[in-house]
Structures are given as C-alpha cells and as structure tokens.
Amino acid sequence: MSNIQEKIDQERDQARAVCSTEGATSSECAVAWDAVEELQAEAAHQREEKPKSSLEKYCDDNPDAVECRIYDD
C-alpha cells in the first residue's frame, strides 16, 4: 500500500508543478490532477477489499478438503 501512496505523492507534486507553469485553468493541469484522483480511487479500492471468510481461509489451508472442491461443468 505504501507503494501506491508514494506514487500518489509523486503525481501530486507533478500536478502542482504543471499547474504552476501551465496555469491552474489549463487542460494539462486538469489532466495531472485527474491522474492523482485515479490513484487515490485505486488506493481506496484496495483498502475496501473484504477479508477472507473462515471457509476461504480453511480452503487455503486445506485445498483437498471435501468442502473446498470446485467442480467444472
């Protein structure tokens, strides 16, 4: 997770630099901040991933158990 946070920080710094040179209303500035927003959304999505259920944990530890069999059609 820290890797994506580092990328967010880099993109934020880059967006600030672009906006200071190109102007706050330029399309380049908007694109730079869009990149930051997309990375932040991805970080939020990664935090929201649900934890494994007890059955999923059990099947990870015991893949040959009857309860964990997966049948292909």
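Select Cys19 and Cys29 to begin: these two residues form a disulfide, with their sulfur atoms 1.8 Å apart; a disulfide is here a pair of cysteine sulfur atoms within 2.5 Å. The model is a predicted one, in which local features need pLDDT of at least 70 and side-chain atom pairs count only at pLDDT 80 or more, while totals for chains, interfaces and linings use all residues. Residues are numbered from 1 along each chain as its sequence is written, and side-chain values use heavy atoms, with hydrogens and water left out.

**The first disulfide and the loop beside it**

Remain with this pair and view the S-S bond. The angle about the bond is 90°, and the link of Cys19 and Cys29 is right-handed. Cys19 lies in helix α1 and Cys29 in helix α2 (residues 27–48), so the disulfide ties together parts that are 10 residues apart in sequence. Helices are DSSP runs (H or I, at least four residues), numbered from the N terminus. Both Cys19 and Cys29 are buried. Buried means under 20% relative accessible area, exposed means over 50%, and partly exposed lies in between, for a 1.4 Å probe and protein chains only.

Next, select Ser26, which lies in the loop between α1 and α2. Ser26 is buried, at a relative accessible area of 13%. Its side chain reaches the backbone nitrogen of Cys29 at 3.2 Å. This is a polar contact, namely a pair of N or O atoms within 3.5 Å; within protein, one must be able to donate a hydrogen and the other to accept it, and residues adjacent in sequence count only if both atoms are side-chain atoms.

**Along helix α2**

Now display the whole of α2. The helix has 22 residues and reaches 31 Å from its first C-alpha to its last, close to the 32 Å expected at 1.5 Å a residue; the expected span is 1.5 Å times one less than the number of residues. Which residues of α2 are buried? They are Cys29, Ala32, Val36, Leu39 and Ala43. These residues cover an arc of only 95° around the axis, which puts them on the same side of α2. The arc is that of the directions from the helix axis to the C-beta atoms.

Rotate the view to the face of α2 turned away from this buried side, where the exposed residues Ser27, Val31, Glu38 and Glu48 are found. Then select Arg47, also in helix α2. Arg47 is exposed, with a relative accessibility of 56%. A C-alpha to C-alpha distance drawn from Arg47 to Ser27 spans 30 Å in space, for residues 20 apart in sequence.

**Across to helix α1**

Select Glu11, in helix α1. Is Glu11 buried or exposed? At 15% relative accessibility, Glu11 counts as buried. With residues up to four places away in sequence not counted, Glu11 touches Ala35, Val36 and Leu39; contact means heavy atoms within 4.5 Å.

Keep Glu11 selected and add Lys7. Their side chains meet in a salt bridge at 3.4 Å, N to O; a salt bridge is a side-chain nitrogen of Lys or Arg within 4 Å of a carboxyl oxygen of Asp or Glu. Both partners lie in helix α1 (residues 2–22), 4 residues apart, about one turn of the helix. An α-helix has 3.6 residues a turn, so residues three or four places apart point the same way. Lys7 is partly exposed, at a relative accessible area of 37%.

Asp9 and Arg12 are the next selection, with side chains joined by a salt bridge of 3.2 Å, N to O. These two residues are 3 apart in helix α1, about one helical turn. Asp9 is partly exposed at 33% relative accessibility, and Arg12 is partly exposed at 21%.

**Towards the end of the tour**

Move to Lys52 and Asp60, whose side chains meet in a salt bridge at 2.4 Å, N to O. Lys52 is partly exposed at 47% relative accessibility, and Asp60 is partly exposed with a relative accessible area of 47%. A search of the whole structure finds 4 salt bridges, and those visited here are among them.

Finally, select Cys59 and Cys68. A disulfide joins Cys59 to Cys68, S to S 2.0 Å. The angle about the S-S bond is -85°, and the link of Cys59 and Cys68 is left-handed. Both of these cysteines are buried. The structure has 2 disulfides in total, and they follow the pattern 1-2, 3-4 when bonded cysteines are counted along the chain.
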